[in-house]
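Welcome, and please take a moment to look over the model below. The report that follows walks through some of its helices and a few backbone details.

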Amino acid sequence: MDIGVVFQCDPPASTVVDLAVRAEQAGFSHVWTFDSHLLWQEPFVIYSRILASTSRVVVGPMVTNPGTRDWTVTASLFATLNEMYGDRTICGIGRGDSALRTLGLPPTSLKELGECVHVIRELVAGRAVTYRGNEVRLPWVEPGTELPVWVAAYGPKALALTGEVGDGYILQLADPDIAAWMIKTVRAAAEKAGRDPAAIRFCVAAPAYVGDDLAHQREQTRWFGGMVGNHVADIVARYGASGAVPQALTDYIEGRRGYDYSLHGKAGSTHTAFVPDGIVDRFCVLGPVESHLARLRALRDLGVDQFALYLQHDDKERTLAAYGEHVIPALRAESVPA
């Protein structure tokens, strides 16, 4: 199992770069960031510094969207980074949440998302596509480059689209029961579309906090239940609470009373009081190292290829170091054939 890390692009950008360098030194495979240009700094500028300061980690957004940049611009950004630093980028993408809603815009349609995945992936590979009625390509791209595009989704139609077009699937919560349900749904959609279900990579992303003060850890990561609930609220509004997604995702949001994007992804968010401790414990990975290993092993056994831990809490460095010293080596040792 790969272990990635997810940062917000808070200023100064140099801190994000420094943390990314530490992550590579600790054995992390991927460095992801939020992509919401009004709330945080521009990630693609920071990616160039990260890639220049490292030699191995793969970088990309968790997640970008089809609405805030022209698709050809997004493709050119990825292709340029790959030309400069080797094929070390990855594209996490979804319909769009904070990046669009803070502009007063709704998320893009699933149709647009599917088309965007195709356009970006083909252009980064140097292949021609039809875009807005015209055939376009990036003529300076060398053949052989491929950009993995992993789709983030919760709802039934988005999960189906992921199975149809995604190289990977990003699930933003670490509950094994829900992960099993989502993985099964994506694989079924892939098979129905005539694709090999085994070829899709699965990433679970969630806050991780290593330590013994569980009550404090819960308060530092309760924001995540609010963020997930904000996504799920759209699904419930569209489909109701009867089976479109697992019941554990719909029951707890009954007490939700709106969402403040100025506190998006931040510890101490005032709009997350409705999130009970049980949901925090299910969605996040908390406690001592042994608890983290137990949860990650359970996810790995379900077919999860990567766990990407969010580090939006007050003890980033210690959790990063604990994963590098204890979690990553233990999982790596278990993957080595006897």
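Let us start in a loop: Arg132 sits between strand 5 (129–131) and strand 6 (134–136). The model is a predicted one, and in it Arg132 has a positive phi of about 55° although it is not a glycine. As a rule, most residues other than glycine have a negative phi, and most peptide bonds are trans. Is Arg132 buried or exposed? Its relative accessible area is 67%, so Arg132 is exposed.

Both parts of that rule have exceptions here. A cis peptide bond links Pro11 to Pro12, with omega at about 0°, and Pro12 belongs to the loop between strand 1 and helix 1. Met62 and Val63 are likewise joined by a cis peptide bond, again with omega at about 0°. Val63 is placed in the loop between strand 3 (58–61) and helix 3 (71–85).

**Helix pairs around helix 5**

Helix 5 covers residues 110–124, and helix 6 covers residues 156–165. The table sets out how helix 5 packs with helix 6 and with helix 3.

| Helix pair | Packing angle | Distance between axes |
|---|---|---|
| Helix 5 and helix 6 | about 20° | 10 Å |
| Helix 3 and helix 5 | about 35° | 9 Å |

With its angle of about 20° to helix 6, helix 5 counts as roughly parallel to helix 6, because angles under 35 degrees fall in that class. Helix 5 passes helix 6 in a right-handed crossing, and helix 3 also passes helix 5 in a right-handed crossing.

Which residues meet where helix 5 faces helix 6? On the helix 5 side they are Leu110, Leu113, Gly114, Val117 and Arg121, and they meet Lys157, Ala158, Leu161 and Val165 of helix 6. Towards helix 3, the helix 5 residues include Glu112, Glu115, Cys116, Val119 and Ile120, while the helix 3 residues include Trp71, Ala75, Phe78 and Asn82. It helps to recall that an α-helix has 3.6 residues a turn, so residues three or four places apart point the same way.

Glu115 deserves a closer look. This residue of helix 5 is among those meeting helix 3. Glu115 has a relative accessible area of 34%, so it is partly exposed. The C-alpha atoms of Glu115 and Val165 are separated by 9.2 Å, although the two residues are 50 apart along the chain.

**A buried loop residue**

Thr145 is located in the loop between strand 6 and strand 7 (149–152). How does Thr145 count, buried or exposed? With a relative accessible area of 13%, Thr145 is buried, because the cut-off is under 20%. Setting aside neighbours within four places in sequence, Thr145 is in contact with Asn82, Asp87, Val124 and Ala125. Asn82 and Val124 also appear among the residues where helix 3 and helix 5 meet.

**Helix 12**

Finally, consider helix 12, which has 20 residues (316–335). From its first C-alpha to its last, helix 12 reaches 26 Å, close to the 28 Å expected at 1.5 Å a residue. Where is helix 12 kinked? The kink, of about 40°, is centred on Tyr323. Tyr323 is also one of the buried residues of helix 12, a list that includes Thr319, Leu320, Val327, Ile328 and Leu331. The buried residues of helix 12 pack against several elements, among them strand 1 (2–7), helix 1 (13–26), strand 9 (201–210) and helix 11 (289–301).

Technical notes. Residues are numbered from 1 along each chain as its sequence is written. This is a predicted model: local features need pLDDT of at least 70, side-chain atom pairs count only at pLDDT 80 or more; totals for chains, interfaces and linings use all residues. Side-chain values use heavy atoms; hydrogens and water are left out. Helices (H or I, at least four residues) and strands (E, at least two) are DSSP runs, numbered from the N terminus. The expected span of a helix is 1.5 Å times one less than its number of residues. The bend at a residue is the angle between axes fitted to the seven residues ending there and the seven starting there. Buried means under 20% relative accessible area, exposed over 50%, partly exposed in between (1.4 Å probe, protein chains only). Contact means heavy atoms within 4.5 Å. Axes are lines fitted to C-alpha atoms, for helices over the stretch in contact, and angles run from 0 to 180 degrees between N-to-C directions. Angles under 35 degrees count as roughly parallel, over 145 as roughly antiparallel, 65 to 115 as roughly perpendicular and the rest as oblique. A crossing is left-handed if the near helix is turned anticlockwise from the far one by less than a right angle, and right-handed if clockwise.
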